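Please have the sequence and the three-dimensional view open side by side while reading. The paragraphs that follow begin with one face of a helix and move from there to the wider fold.

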Amino acid sequence: MEMTKDLLRVKETEGRGRALVAAQPLRGGQIVLRDSPILLYSSLPLISPSLHPYCNHCFKTLKQPQTQVAGSSACVCPWCSHHAFCSSNCLSSALSYSHSPWVCQALRRLRDSPSPLSDQPLERQVQARFLIAAYNLAIVSPSNFQMLLSLQGQPDDSAAADTTAAAHFLHCLISSLCAPPPALQEQQLFSVELSAALLAKDKLNAFGLMEPFSETSQRSSRAYAIYPKASFFNHDCLPNACRFDYVDADGDRNTDMVIRMIHDVPVGREICLSYFPVNQSYSSRQRTLAEDYGFACQCDRCKVEANWSDNEENIEGEEEAEGMDEDQDQEMEAASESEPESGSDIEEAQAQVESDFPHAYFFLSFMCNRTNCWGTLAPLPPKDDGTPSNVMECNVCGNLKKDEEINGHGHDGLSIDG
C-alpha cells in the first residue's frame with residue numbers, strides 16, 4: 001500500500017464519515033494512491049461445470065485452455081482440479097495463502113452435488129466465497145484480518161440489513177460442511193455475529209475487478225477486492241479522481257488499484273471517486289447509492305438534477321440511455337455556446353457554465369466517447385520535471401487521447417487499449 005507522502009490525509013467529515021482530503025495542491029494526472037488488496041475472491045458462480053477463464057490467484061485472463069494438458073501454461077489445483085492458475089508461481093503462492101487446504105476443501109464441499117447452494121442466487125454463492133476467503137485471512141494474515149474488521153460497515157447499517165439472514169444461512173452451511181480450523185474457533189473468530197459483520201463490511205467496501213472491455217457486451221466483475229486505503233474515498237457524481245487498474249498487465253501487483261487526479265484541486269478539498277459510471281441518470285444513481293451504500297447523494301450535480309422536471313419521468317433501459325445522450329448533447333451545446341470570445345473572460349465563463357450545468361464541462365472534458373465505454377478520462381502522470389501531460393487515458397477501455405482531440409470533440413484517440 002503506497003500513499004504518496006503528504007499528498008492526502010484522513011479527515012472525519014460530518015455526515016460522510018472518514019474521508020481523504022488533499023494535504024497540498026494536487027495536479028491533474030498525479031498519482032495519489034497505489035493500494036494493494038488485503039483480500040481477493042472470485043465473483044463468478046461457485047457452482048459451475050467448467051473452469052473459470054481467470055487465474056484463481058491474480059485473476060489475469062488465462063491465455064491457454066483451462067485444462068491440465070502438456071504444454072499448457074495454465075496450472076490446475078492438485079487437490080480439486082477445479083481452480084486454474086496462470087503460472088506455477090501463482091499456483092504455489094495460492095496454495096500457501098489464498099487457496100489453502102481448508103479453502104480448497106470448503107469450496108469443494110460447498111460446490112459438490114447435491115450442493116445446498118444450487119438453488120441459491122448468485123449473490124449467495126459469491127458471499128460464500130467471500131466468507132471462506134475472509135476466515136482464511138484470519139489464519140494466514142491476522143493483521144490484515146484485523147484491518148478488514150476496522151473498515152466501515154455493520155449489520156444494522158441500512159445498506160447491509162440483508163446480510164444478517166445471509167450470515168445465518170451461510171454460517172450454518174459452513175459449520176456443517178467445512179468447519180474452520182480449530183485455531184479460529186479457539187480464538188472465537190467464527191460466529192454468526194462475526195459472519196454478519198464481515199458480510200456488511202464486504203458490501204460497503206468491496207471493489208470489482210472488471211472483465212476486459214468490449215464494445216459489444218456488458219462488462220461484469222471477474223473478482224472482488226478489499227483495499228484498506230481506497231475504501232476511505234467517498235462518492236461524488238462529479239469525481240475529481242478516478243481509479244485505474246491493470247489486471248491483465250504483465251508482472252506482479254497487477255491487482256493494485258491506482259488513483260489518479262482527473263484535474264487540479266486545491267489543498268483541503270476532499271478527493272472523491274464515483275462508485276459507478278458517471279453517465280447514469282439521477283434516479284439510477286440515487287437508487288444504487290441507497291440500496292448498495294445506504295445514503296442519498298447531496299453532491300452539487302444531484303442538487304441541480306433533483307430540480308429537473310423530467311427526472312420524474314426516467315425511462316429504463318435503452319430509452320433512458322438515449323435520453324441521457326440527448327441531455328448530454330444539450331448540455332455540451334450550452335457549454336460550447338458559453339465559451340468566451342475574450343481570453344480574459346475564460347474563468348468567469350467556465351464558472352458560469354459549471355454553475356448552470358455542473359456536469360456539462362465534465363462530460364466534455366473527462367468522459368470517454370468510445371462505444372459502450374462511459375469511462376472517465378484522466379491525464380497521464382506528469383513528467384519527471386513536473387510538466388503536465390496532454391494525453392488523457394480512459395480508466396475503462398484504456399484508450400489514450402490528446403487533450404486537444406477531446407476539447408475539439410474528436411472521436412479518434414490513439415486507440416491503445418490497456
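On one side of helix α1, N89 and S96 are exposed, where exposed stands for over 50% relative accessible area, buried for under 20% and partly exposed for what lies in between, computed with a 1.4 Å probe on protein chains only. On the other side of this helix, which covers residues 88–96, C90, L91 and A94 are buried. These three cover an arc of only 100° around the axis, which puts them on the same side of α1; the arc is that of the directions from the helix axis to the C-beta atoms. An α-helix has 3.6 residues a turn, so residues three or four places apart point the same way. What covers the buried residues of α1 includes the strands β5 (75–76) and β6 (84–85). Helices (H or I, at least four residues) and strands (E, at least two) are DSSP runs, numbered from the N terminus.

This is a predicted model, in which local features need pLDDT of at least 70 and side-chain atom pairs count only at pLDDT 80 or more, while totals for chains, interfaces and linings use all residues. Residues are numbered from 1 along each chain as its sequence is written, and side-chain values use heavy atoms, with hydrogens and water left out.

Taken as a whole, the protein has 13 helices and 15 strands, and 48% of its 418 residues count as buried. Among the contacts with a separation of 6 or more, 65% are between residues 24 or more positions apart, a contact being heavy atoms within 4.5 Å.

The interior can be described through its nonpolar cores, each a set of buried Ala, Val, Leu, Ile, Met, Phe, Trp, Tyr and Cys residues joined through side-chain atoms within 4.5 Å. In the largest of them, which has 63 residues, L26, L39, L148, L198, F233 and I271 touch the most other members. Helix α3 (residues 122–140) gives the most to this core, with 10 residues. Since 15 of the 19 residues of α3 are buried, this helix is largely enclosed by the rest of the structure. Its length also agrees with expectation, because at 1.5 Å a residue the 19 residues should span 27 Å, and the end C-alpha atoms of α3 are 27 Å apart; the expected span is 1.5 Å times one less than the number of residues. Setting aside residues up to four places away in sequence, L39 touches F130, A133, A134, L137, L148, Y224, A225 and I226. A second, separate core of 19 residues includes F213, C242, I262 and C368.

Two open sheets come next. Strands of a sheet pair through backbone hydrogen bonds, either parallel or antiparallel, and here two strands pair if DSSP finds at least two bridges between them. One open sheet of 3 strands has the order β3-β11-β10 with antiparallel pairing, and its edge strands are β3 and β10 (241–245), each of which pairs on one side only. The twist averages 20° from one strand to the next, with axes being lines fitted to C-alpha atoms, for helices over the stretch in contact, and angles running from 0 to 180 degrees between N-to-C directions. Between β10 and β11 (residues 257–261) there are 5 bridges, and R243 stands opposite I259 in β11.

Another open sheet of 3 strands follows the order β13-β14-β15, again with antiparallel pairing. Its edge strands, β13 (377–379) and β15 (400–402), each pair on one side only. Strand β13 and strand β14 (residues 391–394) are joined over 3 bridges, and A378 stands opposite E393 in β14.

Several loop residues complete the picture. Q30, in the loop between β2 (17–22) and β3 (31–35), is buried with a relative accessible area of 17%. Apart from residues up to four places away in sequence, Q30 touches L7, P25, I259, R260, M261 and P382. F59, in the loop between β4 (39–42) and β5, has a positive phi of about 65° although it is not a glycine, and F59 is buried with a relative accessible area of 3%. S81, in the loop between β5 and β6, has a positive phi near 55°, but S81 is partly exposed at 46% relative accessible area.
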